[in-house]
Amino acid sequence: MTTHPRPRRPFWGDIRFLIGVVLVILSIAGVWLIVSSARNTTPVLQANRTITQGESLASGDFRVVEVSLGAVVDGYLAPQDLEPGMIAARTVESGELLSTTAAADAQSGRTTNIVVDSSVGIPARVEAGTPVELWYSPPLEDDGEYDAPRILAADVVVASIPESDGMLAQRSAAVELVIDRADVADVLAAINAGAALSIVPVGSGS
């Protein structure tokens, strides 16, 4: 009885099989990495309310959330990173994660708060954290009129708007502003001179 040798498998068939195995392994590894990355979360601080520029950062104003930040994890503050004396370097919106660039030491702060009265009231859409411009109209001599309005301070943020006293609390014309320390002298001089001050939301025009 004559036996015939089993035909050999073509070489290219073995290569195709090996490539298929490698692709399956890479696919499994990729899925594993994605799942592992999703499970690798970090506790960071998330604002409970809008915190205006220059305001102190207190633990009660934040909640701790677990998020997956990957390579940018060092750009956000964890609960243990919040130290006494820290202030907001810019306005932090409610629900925003606290980034390292949004926090600063109080000694390095370049802003201060000042309360002014708006001669034309405060626009309804202005609230704490709203960026605004402070305009003023200098008084003219002896006739009770005012000169043309001009910008007094451009980089301003609303800190708060107090409510008027009384049975029916109304929106007052007073507003607490966060302004650059370099503008304080000019603002106080305008107030002392009896200038008419106005709050203009950024982007709304003059």
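Trainee: With which side chain does the side chain of Ser-99 make a polar contact?

Mentor: A polar contact is read as a pair of N or O atoms within 3.5 Å. In this predicted model, the side chain of Ser-99 makes such a contact with the side chain of Thr-101, at 3.1 Å.

Trainee: Where is Ser-99 found, and is Ser-99 buried or exposed?

Mentor: Ser-99 belongs to the loop between strand 3 and strand 4, the latter spanning 103-105. Burial is judged from relative accessible area, with under 20% counting as buried. Ser-99 has a relative accessible area of 9%, and is therefore buried. Setting aside residues up to four places away in sequence, Ser-99 touches Gly-75, Tyr-76, Leu-77 and Arg-90.

Trainee: Thr-91 also interests me. Where does Thr-91 lie, and which residues are in contact with Thr-91?

Mentor: Thr-91 is located in the loop between strand 3 and strand 4. Its relative accessibility is 15%, so Thr-91 counts as buried. Beyond its neighbours within four places in sequence, Thr-91 is in contact with Thr-50, Ile-51, Thr-52 and Gln-53, and also with Glu-96, Gly-129 and Val-157.

Trainee: How should the overall fold be described, and how many helices and strands does the protein have?

Mentor: One begins with the elements and their order. The protein has two helices and nine strands, and from the N terminus on they run α-β-β-β-β-β-β-β-β-α-β. One may then consider how contacts are distributed along the chain. Among contacts between residues at least 6 apart in sequence, 62% join residues at least 24 apart. As to burial, 30% of the 206 residues are buried.

Trainee: Which residues touch the most other members of the largest nonpolar core?

Mentor: The general idea is that, in soluble globular proteins, nonpolar side chains tend to be buried together. Here the largest nonpolar core holds 19 residues, and Val-116, Leu-134 and Leu-177 touch the most other members. Two or more residues of this core come from each of strand 5 (111-117), strand 6 (131-137), strand 7 (150-160), strand 8, helix 2 (184-192) and strand 9 (196-201). Strand 7 provides the largest share, four residues.

Trainee: What does Val-116 touch?

Mentor: Residues up to four places away in sequence are again left out. Val-116 then touches Leu-134, Ala-173, Ala-174, Val-175, Leu-177, Val-187, Ile-191, Leu-197 and Ile-199. Apart from this core lies another, of 13 residues, including Ala-47, Leu-77, Val-92 and Leu-98.

Trainee: Why does Leu-134 count as buried?

Mentor: Leu-134 counts as buried because its relative accessible area is 0%, where the limit is under 20%. This residue is found in strand 6. Outside its neighbours within four places in sequence, Leu-134 is in contact with residues including Val-116, Arg-150, Val-156, Leu-177, Val-187 and Ser-198. Distances between C-alpha atoms add to the picture: Leu-134 and Ala-153 are 19 residues apart along the chain, with their C-alpha atoms separated by 5.1 Å. For Val-200 and Leu-134, 66 residues apart along the chain, the corresponding separation is 6.4 Å.

Trainee: Is Val-200 buried or exposed?

Mentor: Val-200, in strand 9, is buried, with a relative accessible area of 12%.

Trainee: How is Ile-151 classed by its relative accessibility?

Mentor: An intermediate class lies between the two limits, under 20% for buried and over 50% for exposed. Ile-151 has 40% relative accessibility, and so counts as partly exposed. It lies in strand 7 and touches Glu-133, Leu-134, Trp-135 and Tyr-136, not counting residues up to four places away in sequence. From C-alpha to C-alpha, Ile-151 and Val-200 are 9.6 Å apart in space, while being 49 residues apart in sequence.

Trainee: Finally, how should a pocket be read, and which residues lie nearest the centre of the largest pocket?

Mentor: One considers its volume, its lining and the character of that lining. The largest pocket encloses about 220 Å³ of space. Its lining comprises 14 residues, of which Gln-53, Ala-89, Gly-109, Arg-110 and Thr-111 lie nearest the centre. By character, the lining residues are six nonpolar, five polar and three charged.

Trainee: Which strand gives the most to that lining?

Mentor: Strand 8 gives the most, with three residues. Strand 3 (86-88) and strand 8 (174-180) each supply at least two residues of the lining.

Notes: Residues numbered from 1 in each chain as written. Predicted model: local features only at pLDDT ≥ 70, side-chain atom pairs only at ≥ 80, totals over all residues. Heavy atoms only, no water. 1 Å grid on protein atoms, 1.4 Å probe; cavity = no way out; pocket = protein on both sides within 12 Å on 5 of 7 lines; lining within 4 Å. Points joined across faces, edges and corners; volume = space filled by probe spheres on them. Nonpolar A, V, L, I, M, F, W, Y, C, P; charged D, E, K, R; others polar. Core = buried A, V, L, I, M, F, W, Y, C linked by side-chain atoms within 4.5 Å. Buried < 20%, exposed > 50% of the residue type's maximum accessible area, 1.4 Å probe, protein only. Contact = heavy atoms within 4.5 Å. Polar contact = N/O pair within 3.5 Å; in protein donor to acceptor, adjacent residues only side chain to side chain.
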